[in-house]
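Biologist: I've got a protein model open and I'd like to get my head around it. Can you walk me through it?

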Amino acid sequence: MTAPNQGTPDGSLGPGDFRPLQTATEQDAKDSMKSGALGAFGGAQNTHKTEVRDRITTVEGSADLAVTTAQAAANTAATAESTAASASERASYWEAEFVVASAAVVLGVNELLIGLVQNVPGGLTRTITDMHVALLTQPNGMEFELKKWDATGTSDSVLDTYTLAANVTRANWAGLNFVMSSRERVFLNVTSVTGSVAPVVLQVLLFGVME
C-alpha cells in the first residue's frame, strides 16, 4: 500500500501489472524461471514419480500377485478337500462275523456249509480288505483257505491260503483286495490240522469297503 504523496516502493506492481500473472500458463511460469530453479522443479517432479508414484504402483502390483497366489493355493486346497470328502461320502465300510466251528475244528468247511452271502447294490463294488481269525485253542498249527462260491452256487474258487503256527489263536491279515460280486458266498475250508489234538472253536471277521 502507498501513500498518495509517496512514490511506488521497489518491487511493487503498478496498475495493470497483475493481470499478466493471472493469465499466465504453467509453461509461462517455467519460462520465467531461472535455469537452476527450473531444474530443481523438474528434478522434484521426477523424484516424486520415481520414489512415490512408481513405488506405489509396484507395491500394488506385488500385493495383487500375492493375493492371486494365495487365492490359487486356497482354491487348490479346497478342491482337494472337496475331492476327499466326496470319496469319503461315496465309500461305506462293512464288517461281517461268522462261526466256522463251534466245537472241534476238523478238515473241510466245518459248520459253515454254504458261506456268507455278499450283497452288492448295482453300480457299487464290495471289497474284502481285512480278515480276523480267533480260536479258543489251537495247539499244533493249522492251514485253511478263504474261498468263495459263485452267485449260482455251481463253482467255487480259492481267494488265498493262510497258515497259523502252533498256539496262535488270534491272527489278522490286512491289505487284502478281494472284489466280490453280488450273491457270491465266502467260506473257509480247513486243509490241514497238525497233530492229534484238534483246535477248538473257529470264528472269523471279514472287514471291507463298498464304494
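Modeller: Below, we go through the strands, one loop residue and the salt bridges.

Modeller: Before that, a word on sources: this is a predicted model, where local features need pLDDT of at least 70, side-chain atom pairs count only at pLDDT 80 or more, and totals for chains, interfaces and linings use all residues. Residues are numbered from 1 along each chain as its sequence is written, and side-chain values use heavy atoms, with hydrogens and water left out.

Biologist: Is strand E9 largely enclosed or left open by the rest of the structure?

Modeller: A strand (E) here is a DSSP run of at least two residues, numbered from the N terminus. Buried means under 20% relative accessible area, exposed means over 50%, and partly exposed is in between, using a 1.4 Å probe and protein chains only. In E9, residues 200-210, 8 of the 11 residues are buried, so the strand is largely enclosed.

Biologist: Which residue of E9 stands opposite histidine 132?

Modeller: Two strands pair if DSSP finds at least two bridges between them. Strand E3 (residues 126-137) runs antiparallel to E9, with 10 bridges joining them. Opposite histidine 132 in E9 you'll find leucine 205.

Biologist: And which E9 residue stands opposite alanine 104?

Modeller: Now we look at strand E1 (residues 92-104), which pairs with E9 in the antiparallel sense over 10 bridges. The residue of E9 opposite alanine 104 is valine 200.

Biologist: There's an open sheet of 4 strands too; which strands stand at its edges?

Modeller: Read the order of that sheet as E2-E8-E4-E5, with antiparallel pairing. A strand at the edge has a single partner strand, so one side of it is left without a neighbour in the sheet. The two edge strands are E2 (116-117) and E5 (156-164).

Biologist: What is the bridge partner of valine 117 in E8?

Modeller: E2 and strand E8 (residues 185-193) pair in the antiparallel sense over 2 bridges. Valine 117's partner in E8 is arginine 185.

Biologist: What is the relative accessibility of glutamine 118?

Modeller: Glutamine 118 sits in the loop between E2 and E3. Contact means heavy atoms within 4.5 Å, and, not counting residues up to four places away in sequence, glutamine 118 touches several residues, including Trp94, Arg126 and Met180. This residue counts as buried because its relative accessibility is 0%.

Biologist: Over at the hairpin of E4 and E5, which residue takes a positive phi?

Modeller: Strand E4 (residues 142-149) and E5 run antiparallel, joined by 8 bridges. Their hairpin has 6 residues between the strands, and the phi in question is near 75°. The residue that takes it is glycine 153.

Biologist: How far apart are the closest N and O atoms of aspartate 156 and lysine 147?

Modeller: Side chains of opposite charge can pair when their charged atoms come close. A salt bridge is a side-chain nitrogen of Lys or Arg within 4 Å of a carboxyl oxygen of Asp or Glu. Aspartate 156 is partly exposed at 37% relative accessible area, while lysine 147 counts as buried at 12%. In their salt bridge, the closest N and O atoms are apart by 2.8 Å.

Biologist: The structure holds 2 salt bridges, so to speak of the other pair, how many residues apart are glutamate 184 and lysine 148?

Modeller: The side chains of glutamate 184 and lysine 148 meet in a salt bridge, at 3.3 Å from N to O. Glutamate 184 is in the loop between strand E7 (178-180) and E8, and lysine 148 is in strand E4, so the pair links distant parts of the chain, with a separation in residues of 36.
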